Amino acid sequence: MAASAMAGQQLEMLGSRAQSRAESLTARNRELYEAQRRARRGPTPEVFFTKHIDNSRIVKADDPERRREMRTFTAVMSVLFVLVMVYVWQHFSAIEIGYHVEAQKAQVEQLREENRQLRLSEAQLTDPGRIDRIAKQLGLGEPQPGQVVRPEGGGDPNAPALAQASAPAMQMAQ
């Protein structure tokens, strides 16, 4: 109970301070207004009269020298603008081409690495020792004379032949 009474007293003090401060501001503003009113010229307020001026009949005189200066200025500024735009275009084109060149270099390097991997794979797959091991696992042996048939025909059947990768042909047993 005592705490609420103390809080109420504090609120009244704050309210009275705010009210006294507002009153002092109002009094100060009133004093400033009176001082300004006393400082004005004479006891009568200032009066302004409007003057209506008709400028519709006034025509601007043509100045050929000024017109020539403006045309020269416009031409010089246009040429300067075009030169700056050409420079900016070249600069951005060079940057864009640089990005394309770097992308192409990266692609070439990637293709070289892929080519190297494929060559390694080809060398590994065409190793004669590997082919012999696989043939022995499948139960294949050395070919007998006359067993090798060459698609070109003719020639010595016992002559060495180059191996070619093609789909094996199915032969019917007789």
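Here are some notes on this predicted model, covering confidence, the annotated span and the salt bridges.

1. **Confidence first.** Keep in mind that this is a predicted model. The protein's mean pLDDT comes out at 82, with 73% of the residues at 70 or more. Helix 2 (residues 64-125) has the highest mean of the elements, 96. At the other end sits helix 1 (residues 2-39), whose mean of 74 is the lowest.

2. **The annotated span.** An unreviewed UniProt entry marks residues 70-89 as "transmembrane region". In the model that stretch is 100% helix and 0% strand. From end to end, its C-alpha atoms are 28 Å apart.

3. **Salt bridges, overall.** How many salt bridges does the structure hold? The count is three. As a reminder, side chains of opposite charge can pair when their charged atoms come close. The pairs are taken one by one below.

4. **D62 with R67.** These two side chains meet with an N to O distance of 2.2 Å. Is D62 buried or exposed? D62 has a relative accessible area of 57%, so this residue is exposed. Its partner R67 is partly exposed, at 36%.

5. **E102 with K105.** Here the closest N and O atoms are 3.9 Å apart. The cut-off for a salt bridge is within 4 Å, so this pair counts as one. Why are K105 and E102 about one helical turn apart? Because they are three residues apart in helix 2. K105 is exposed, with 51% relative accessibility; exposed means over 50%. E102, at 49%, is classed as partly exposed. If you quote those two labels, quote the percentages with them: 51% for K105 and 49% for E102.

6. **E113 with R116.** This salt bridge has an N to O distance of 2.8 Å. Both residues belong to helix 2, and the spacing is again three residues, about one turn of the helix. On accessibility, E113 comes out as partly exposed at 35%. R116 is partly exposed too, with a relative accessible area of 42%.

7. **Putting helix 2 together.** Helix 2 runs over residues 64-125 and has the highest mean pLDDT among the elements, 96. The K105 and E102 pair sits in helix 2, and so does the E113 and R116 pair. The record's "transmembrane region" label covers residues 70-89, a span that is 100% helix in the model.

Key:
Residues are numbered from 1 along each chain as its sequence is written. This is a predicted model: local features need pLDDT of at least 70, side-chain atom pairs count only at pLDDT 80 or more; totals for chains, interfaces and linings use all residues. Side-chain values use heavy atoms; hydrogens and water are left out. pLDDT is the predictor's confidence in each residue, from 0 to 100. Helices (H or I, at least four residues) and strands (E, at least two) are DSSP runs, numbered from the N terminus. Buried means under 20% relative accessible area, exposed over 50%, partly exposed in between (1.4 Å probe, protein chains only). UniProt positions are given in the numbering used here, feature names are shortened, and annotations may be inferred rather than shown by experiment.
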